[in-house]
Amino acid sequence: MKVALIGFGASGRSTLYRAASRGLAKGDVTAVPVPDERFDKIVAQVNPKKQTPATVILHDDLDAIQGGGKALSLKWIDSAKKAEILLHVVRAFESPTVAFYDTVDPIRDQGTIDVELVLADLQIVENRLERLKKSATLKTSGSPDYMENDLFERIKSPLEGGTAIRSMELSEDDQAIVRNYQFLSAKPMVVAFNVNESDAANPSDRIKKLTEELAKQGTQAFPVCATIEEEIAQLDPADQPEFLEALGLTEPASDKVIRAAYDALGLITFFTAGENETRAWPLKRGSTALKAAATIHNDIAKGFIRAEVVHYGDYVIHGSLDAAYSAGKMTLEGKDHPILDGDLLHIRNKS
């Protein structure tokens, strides 16, 4: 899962990147393990030779957005298209030592970048509609060009009105076309309001209201003080809880960023627990056992016979997979069985 951090200069984007990387950052791209107490408990019980947590890939390799009416560069747009999700870091702190291109206004800045992403998509739509006019199959109902033209004509007006594609109601066929173009405003968005240290535990009413408004629009948002979080990330993990508690915080920035990204992408986690390797796997919510098998390996999916499923709650109650099996808590499921968050799987397959 590639998470690209974006934002204006002096927003604290790189500071939050280092904080969310838990001190692991060596450059501008870092793989960060997903914190999951369930995985830790399974590893402690199984004691495998290898443990592989789920990870997210944080990218801080995009240039700062210039602002001041300057359009996004083609290089920036091409790089951002490769991300699965965008994390917009918005400056909401005052500091006499940090230069800024304008007054500190998180509402303006959050909205401005949203508009820039929409305008970049609108340009693509307009250019494509012009080229489609020359298509020989444009008026052939059901042809790819016909369907694309129909979709782009429908989304052009909302884009002109500033509506992001992610907020539009689109069919599965429409969404497939959208994915082909990697539209920026179609990507899931998470917003982090970078606040002053004094607002870290109790953000202002303004930030609270803005966060609530974004949530109503389906956008994950949260306040964070990146400078404090960077200091916390540099502490020994055993010392972090006490430091967080002293500041009135319940979790570090890395947990906030990863959980918000997971929620925005609609992900759950399932586990495979073996003595050679125990692993956590991200999976789209609502996915089937066959999709989970393909996530592990395409060959396993091709030879799928049945999925042995133990719910995490049953695993915890009985203390081990063997005990859960013995208690009759393992079920054999077919390809279409929906996988739940925390399920432990073993795929029977033709091998």
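The following dialogue examines helix packing, one sheet and aromatic pairs in a predicted model.

Student: In what order do the strands of the open sheet of six strands lie?

Tutor: The pairing in this open sheet is mixed. Its edge strands are β2 (29-33) and β7 (220-224), each of which pairs on one side only. Read across the sheet, the order is β2-β4-β1-β5-β6-β7.

Student: Which residue in β4 is the bridge partner of Lys-2?

Tutor: Strand β1 (residues 2-6) pairs with strand β4 (residues 55-59) in the parallel sense, over three bridges. In β4, the bridge partner of Lys-2 is Ile-57.

Student: Which strands does helix α7 touch where it packs on the sheet?

Tutor: Helix α7 comprises residues 205-216, and its direction makes about 180° with that of β6. Packed on the sheet, the helix touches β5 (85-92), β6 (189-195) and β7.

Student: Is α4 roughly parallel or roughly perpendicular to α7?

Tutor: Helix α4 (residues 106-132) packs against α7 with the axes 11 Å apart and at an angle of about 25°. Angles under 35 degrees count as roughly parallel. The arrangement of α4 relative to α7 is therefore roughly parallel.

Student: How do the residues of the contact of α5 with α6 divide into nonpolar, polar and charged?

Tutor: Helix α5 (residues 144-160) and helix α6 (residues 172-181) pack at about 85°, with axes 10 Å apart. That angle makes α5 roughly perpendicular to α6. On the α5 side the contact is formed by Met-147, Glu-148, Leu-151, Phe-152 and Arg-154, which meet Asp-173, Asp-174, Ile-177, Val-178 and Tyr-181 in α6. By class, these residues are six nonpolar, no polar and four charged.

Student: Why is the pair of Phe-39 and Phe-271 stacked?

Tutor: A pair of aromatic rings is described by the distance of the centres and the angle of the planes. Planes under 30 degrees apart count as stacked. The ring centres of Phe-39 and Phe-271 lie 6.3 Å apart, and the pair is stacked because the planes are at 20°.

Student: How many residues apart in sequence are the parts that this pair ties together?

Tutor: Phe-39 is buried, with a relative accessible area of 4%, and Phe-271 is buried at 0%. Because Phe-39 lies in helix α2 (residues 37-46) and Phe-271 in strand β8 (residues 267-273), the parts tied together are separated in sequence by 232 residues.

Student: Which residues do ring pairs link into a cluster with Phe-152?

Tutor: Phe-152 and Phe-183 form an edge-to-face pair, 5.9 Å centre to centre with 70° between the planes. Phe-152 lies in helix α5, and Phe-183 in the loop between α6 and β6. Ring pairs link Phe-152 into a cluster with Tyr-181 and Phe-183.

Definitions and conventions. Residues are numbered from 1 along each chain as its sequence is written. This is a predicted model: local features need pLDDT of at least 70, side-chain atom pairs count only at pLDDT 80 or more; totals for chains, interfaces and linings use all residues. Side-chain values use heavy atoms; hydrogens and water are left out. Axes are lines fitted to C-alpha atoms, for helices over the stretch in contact, and angles run from 0 to 180 degrees between N-to-C directions. Helices (H or I, at least four residues) and strands (E, at least two) are DSSP runs, numbered from the N terminus. Angles under 35 degrees count as roughly parallel, over 145 as roughly antiparallel, 65 to 115 as roughly perpendicular and the rest as oblique. Contact means heavy atoms within 4.5 Å. Ala, Val, Leu, Ile, Met, Phe, Trp, Tyr, Cys and Pro count as nonpolar, Asp, Glu, Lys and Arg as charged, and the others, Gly among them, as polar. Two strands pair if DSSP finds at least two bridges between them. Rings of Phe, Tyr and Trp (its six-membered ring) pair if their centres lie within 6.5 Å; planes under 30 degrees apart count as stacked, over 60 as edge-to-face and the rest as tilted. Buried means under 20% relative accessible area, exposed over 50%, partly exposed in between (1.4 Å probe, protein chains only).
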